[in-house]
Amino acid sequence: MTPLLSAALMATALASAPAPYDAHAWRADFAQLKTALQVRYVNLAWMGSYESGIDVPALAHRAELALDAAHSDAEARDVLRAFVAGFHDGHLSELATQLPAQGDAPEPEKATLDPADPASGCAAMGYASTASVAFSQPFESLPGVHLLGDGQSSVLRIGMADVDGRRIGLVRLQVFRARGFPQACLRAWAQARRAATPITRAAIGEAARYLWLKELAEQLKALRSAGAQAVIVDVGNNGGGDDSGDWIPRLFGTRPVASSRLLVVDAPEGKGYLDEEIDGLTEALAARPGGKAKADLEKALAAFKARKASLGAAPCDLSWVWQERRAWREVACRRVIDAGYADGPLPGLPAHAYGDETTEQALAWSTIVQDLYGAWPGPAYVLTDGKTFSSAEMFAATMKDNGAAKTIGVRTGGDGCGFMGDVPPLVLAHSRLRFRVPNCMRLRADGSDEVAGIAPDLPIAPTEGESDRARAARLLRTVAAELEPGR
């Protein structure tokens, strides 16, 4: 081999060799991550409290020791991943690392909707059964359980269980998003064609959302007519969705339902939601309502403008979370801004409170389904498990805190609110690791952060030697026993 060729090969090998491990750069990434969490992570003060169950100082100390002991990029990367995972907040999570941009990447045009092809149109709009339609417990396999809707050819999976002389309705909500129920879109499409109305994404989406919720109300009424004495709403293995987790509780019971308090992070990442509310209230006022409607809209608009003006006005230092734990009630500075309620500016409204849907929906989003309120007036139970997250937790918490239902099963996974609006990811300078950082918090009736998870009123935990079928039967017997006279 000639000296010239040997030198060329050596140069090629050096150029393709990985960069040497840079411990200083990884420590800088860890410092950037902690600083960003102090500013952007809405749940950080809660995580620093004793009530959270997370020992944040110990978590940070372990990460520091592990980072000092790391000898490779792979080891250091795992340290930061383990640190983030230690918060046990599913919304605080890693995103895929992205390669540098490769020139312009124009967004493809949206698929054209063919009125004669609803299956392709609904698929193009994102309607798909992306979560398990089956009940989270194998109720279907038990004697005395009959399906009234399979959730595939029908919008919802509905069943009736005859247990110890009691009739219990079963309702499966595998996700809190209309797009998870393809039949809702197909039926909305057929409805539009019968009425000869335009087939547009907006029209079909709005119709499908309402049809899904209306179908739930009608099925609840049908279960009552068929003799159901109670209903179990199964939100096990439900990853969440949208604000329907706060609307649907209004379909249960006869008492008013109040939503949880909503807060956003006191940082630029909280501004988008405040702007959204200001725009919505301004638009409602532009419709020129009168009397109390106008006064209440103006009051709500002034409140949101004041909240926006206070954003970042009184910053505080949350670096204490890396050194000590505090009681939640004693944490004066939490870096959050009051943002009304999960239902909007107001915690909720009675049906048709103003006689003006524009005003009602601007002040309380749940009024979208106000014609469906109280569809099920009897006993209700919400079935949860460790994979019940986000909007499904909002549903469980709202049902429980308002006395609309008892929760049964095991504690939910603990994701809490997550995100209001689009929030850019956190990108670490050296490693280019990317993380989602939640910007909203929901506080329950007792003042605790929903990210802690929702504990069941009736714990039904798996036991050794018990099959899934046996546990499902035990769960049904527990509800049936609750319905005995005098209990």
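**Stop 1: H7 and H8**

Select residues 182-194, which form helix H7, and show helix H8 beside them. This is a predicted model. The axes of H7 and H8 come within 8 Å and cross at roughly 115°. Which hand does the crossing of H7 and H8 have? The crossing is right-handed.

Now show the side chains where the two helices touch. From H7, pick Ala184, Cys185, Arg187, Ala188, Trp189, Gln191 and Ala192. From H8, pick Ile204, Ala207, Ala208, Leu211, Trp212 and Glu215. Colour the contact of H7 with H8 by class, and you get ten nonpolar, one polar and two charged residues.

**Stop 2: the largest pocket**

Keep H8 on screen. Select residues 201-225 for H8 and 244-247 for helix H9. Both elements give two or more residues to the lining of the largest pocket. How many residues does H8 give? It gives five, the largest share of that lining.

The pocket has a volume of about 450 Å³. In total, 16 residues line it. Centre your view on Gly205, Glu206, Arg209, Asp242 and Trp247, which lie nearest the pocket's centre. Colour the lining by class: six residues are nonpolar, three polar and seven charged.

**Stop 3: H2 and H4**

Go to another pair of helices. Select residues 23-40 for helix H2 and 56-69 for helix H4. They pack at an angle of about 165°, with axes 10 Å apart. H2 and H4 are therefore roughly antiparallel to each other. The crossing of H2 with H4 is right-handed.

Show Trp26, Arg27, Phe30 and Lys34 in H2. They meet Ala60, Ala63, Glu64, Leu67 and Asp68 in H4. By class, this contact of H2 with H4 has five nonpolar and four charged residues, and no polar ones.

**Stop 4: H10 and H11**

Next, select residues 271-286 for helix H10 and 291-310 for helix H11. Their axes come within 9 Å and cross at roughly 155°. That makes H10 roughly antiparallel to H11. Is the crossing of H10 and H11 left-handed or right-handed? It is left-handed.

Turn on the contact residues. On the H10 side, show Lys271, Tyr273, Leu274, Asp275, Glu277, Ile278, Leu281, Thr282, Ala284 and Leu285. On the H11 side, show Lys294, Leu297, Glu298, Ala300, Leu301, Phe304, Lys305, Arg307 and Lys308. The contact of H10 with H11 holds ten nonpolar, one polar and eight charged residues.

**Stop 5: the second largest pocket**

Stay with H10, and add residues 357-363, which form helix H12. H10 and H12 are the elements that give two or more residues to the lining of the second largest pocket. Which element gives the largest share? H10 does, with six residues.

About 320 Å³ of space lies in this pocket. Select its lining in two steps. Start with Glu276, Glu277, Gly280, Leu281, Glu283, Ala284 and Ala287. Then add Glu357, Thr358, Gln361, Ala362 and Trp365. Colour the lining by class, and five residues show as nonpolar, three as polar and four as charged.

Before you leave, highlight Glu277, Leu281 and Ala284. These three H10 residues are among those that meet H11, and they also help line the second largest pocket.

Conventions: Residues numbered from 1 in each chain as written. Predicted model: local features only at pLDDT ≥ 70, side-chain atom pairs only at ≥ 80, totals over all residues. Heavy atoms only, no water. Axes fitted to C-alpha atoms, helices over the stretch in contact; angles between N-to-C directions. Helix = DSSP H or I, 4+ residues; strand = E, 2+ residues; numbered from the N terminus. Parallel < 35°, antiparallel > 145°, perpendicular 65-115°, else oblique. Left-handed = near helix turned anticlockwise from the far one by under 90°. Contact = heavy atoms within 4.5 Å. Nonpolar A, V, L, I, M, F, W, Y, C, P; charged D, E, K, R; others polar. 1 Å grid on protein atoms, 1.4 Å probe; cavity = no way out; pocket = protein on both sides within 12 Å on 5 of 7 lines; lining within 4 Å. Points joined across faces, edges and corners; volume = space filled by probe spheres on them.
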